[in-house]
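I sat down with this one and a fresh notebook page. Here is what I looked up, in the order I looked.

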Amino acid sequence: MKTTVRTVGQVSVVDLSGKITIGEGDVVLRDKVLELLDGGHSKILLSLEKVSYMDSAGIGELVACFKKAREKGGTVKLLKPSGKVEDLLQLTKLWEVFEIFDEEQPAVASF
Amino acid sequence: MVSATTVKLVISSEVRLVDVVHTASEAIAGIAGFEEDDALNVGIAVREAVINAIRHGNRMDPTRKVEVSLQARPRSIRARVRDQGAGFDPSATPDPTFGDNLMRSSGRGILVMRAFVDSVDFKFLEGRGMEVTLKKNRVRGKTTRSARPSAAAVDNGGIER
């Protein structure tokens with residue numbers, strides 16, 4: 001999985017591409033979110049548009065990132081999950097946990 | 001009479017090998033005639049079974065093996081994943097969508113498996129580990145051009161053995 005970070009106002013938008021899976025994408029995601037939080041960037045928007053799928057480890061890492069951000073007074077929100085990722089968020093009912101947006105502008109404005 | 005196509009894999013308990021099994025599972029689903037999206041569902045379900053076998057069955061011990069059998073049948077796919085662990089009671093697994101479990105960072109593997117294939121059966125084999133069998137039937141009419149089953153397969157009424 002690849003990540004690129006853009007700063008939009010006070011929000012760090014993390015564009016993820018590839019798959020968030022055990023031993024690979026989950027580690028990349030964790031490291032990137034921790035790096036942002038440790039650098040004082042507490043408003044994090046994970047863009048999932050180009051994530052093809054996740055497994056249970058990747059889903060677990062999303063939850064771990066959400067909790068870690070909250071511990072540090074920050075927030076993790078999700079942008080544009082689609083296809084299999086959307087299915088998995090609904091299946092696991094994490095749809096009810098995360099704030100999820102279809103468009104970037106209102107997502108950024110929501111922080 | 002169309003015979004089943006079978007692939008068997010034996011891997012050590014290393015998470016970097018999960019992708020190998022996932023890729024093989026999707027490929028075998030393709031051979032069984034599943035469309036791309038359903039083949040990915042099969043791949044994800046088998047992937048979860050292998051992750052469970054490595055993490056919870058074999059406790060990440062790389063000297064312990066995970067055996068995987070993938071079988072493309074005329075109208076379905078069957079996958080068996082066996083670890084070398086002490087077994088567990090799948091019915092005792094907490095519902096990951098309930099209450100505080102929602103915020104746990106693990107425990108969703110069986111939920112994902114059950115969602116993406118038609119049946120998931122666990123069996124503890126005394127002295128030989130836990131075996132999970134996953135089955136998914138191909139929806140009639142959803143056939144890839146490159147893997148269309150023969151007339152003999154269609155004529156069997158979809159009955160699997």
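**Entry 1: a strand pair in chain B.** I began with S1(B) and strand S2 (residues 65-73) of chain B, which pair in the antiparallel sense over eight bridges. Picking one position to follow across, I found B:Thr5 opposite B:Ala72 in S2(B). A reminder to self before going on: this is a predicted model, and local features are only taken where pLDDT is at least 70.

**Entry 2: the rest of that sheet.** In which order do the five strands of chain B's open sheet run? I read S1-S2-S3-S5-S4, with antiparallel pairing. At the edges I noted strand S1 (5-12) and strand S4 (119-125) of chain B, each pairing on one side only. From one strand to the next, the twist averages 15 degrees.

**Entry 3: chain B as a whole.** I counted four helices and five strands in chain B. Along the sequence they follow the pattern β-α-α-β-β-α-β-β-α. Of the 161 residues in chain B, 39% are buried. I also checked how far apart in sequence the contacts reach: among contacts in chain B with a separation of 6 or more, 67% join residues 24 or more positions apart.

**Entry 4: two helices of chain B.** Helix H1 (residues 18-31) of chain B lies across S1, S2 and strand S3 (76-82) of that chain, and I get about 175 degrees between H1(B) and S1(B). Next I turned to its contact with another helix. Two packed helices are described by the angle between their axes and the distance between the axes. For H1(B) and helix H2 (residues 36-57) of chain B, the axes come within 8 Å and cross at roughly 145 degrees. Is the crossing of H1(B) and H2(B) right-handed or left-handed? I have it down as right-handed.

I then listed who meets whom. The H1(B) side includes B:Val18, B:Val21 and B:Ala29, and the H2(B) side includes B:Val42, B:Val46 and B:Val50. By class, the residues of this contact divide into nine nonpolar, four polar and three charged.

**Entry 5: the core.** Which residues have the most contacts inside the largest nonpolar core? My list reads A:Leu46, B:Ala45, B:Val46, B:Ala49, B:Val50, B:Val81 and B:Leu134, in a core of 66 residues. H2(B) gives the largest share of this core, 11 residues. I zoomed in on B:Val50: leaving out residues up to four places away in sequence, B:Val50 touches B:Val18, B:Val21, B:Val66, B:Val68 and B:Val81.

**Entry 6: over to chain A.** Here too I found five strands in an open sheet, in the order S1-S2-S3-S4-S5, but the pairing is mixed. Its edge strands are S1 and strand S5 (100-101) of chain A, each pairing on one side only. Strand S4 (residues 75-79) of chain A pairs with S5(A) in the parallel sense over two bridges. There, A:Leu79 has A:Phe101 in S5(A) as its bridge partner.

Then the helices on this sheet. Helix H1 (residues 25-38) of chain A lies across S1, strand S2 (11-20), strand S3 (43-54) and S4 of chain A, at about 170 degrees to S2(A). H2(A) lies across S2, S3 and S4 of chain A, and runs at about 140 degrees to S4(A).

**Entry 7: one residue on its own.** I looked up A:Thr7, which lies in strand S1 (residues 2-8) of chain A. Why does A:Thr7 count as exposed? It counts as exposed because it has 10 C-beta neighbours inside 10 Å, and the cut-off for exposed is 12 or fewer. I also paired A:Thr7 with A:His41: they are 34 residues apart in sequence and 9.7 Å apart in space, C-alpha to C-alpha.

**Entry 8: where the chains meet.** I found 16 residues of chain A in contact with 19 residues of chain B. Helix H2 (56-71) and helix H3 (83-91) of chain A each supply at least two residues of chain A's side. H2(A) gives the largest share of that side, seven residues. By class, the side of chain A that touches chain B has eight nonpolar, four polar and four charged residues.

My last stop was helix H3 (residues 109-116) of chain B, whose buried residues are B:Gly109, B:Leu111, B:Val112, B:Met113 and B:Phe116. What covers the buried residues of H3(B)? The cover includes H2 and H3 of chain A, together with H2, S4 and strand S5 (129-137) of chain B.

Terms used
Residues numbered from 1 in each chain as written. Chains lettered and ligands numbered in written order. Predicted model: local features only at pLDDT ≥ 70, side-chain atom pairs only at ≥ 80, totals over all residues. Contact = placed C-beta atoms within 7 Å. Nonpolar A, V, L, I, M, F, W, Y, C, P; charged D, E, K, R; others polar. Pairing = 2+ DSSP bridges. Axes fitted to C-alpha atoms, helices over the stretch in contact; angles between N-to-C directions. Left-handed = near helix turned anticlockwise from the far one by under 90°. Core = buried A, V, L, I, M, F, W, Y, C linked by C-beta atoms within 7 Å. Buried ≥ 20, exposed ≤ 12 C-beta atoms within 10 Å, placed from the backbone.
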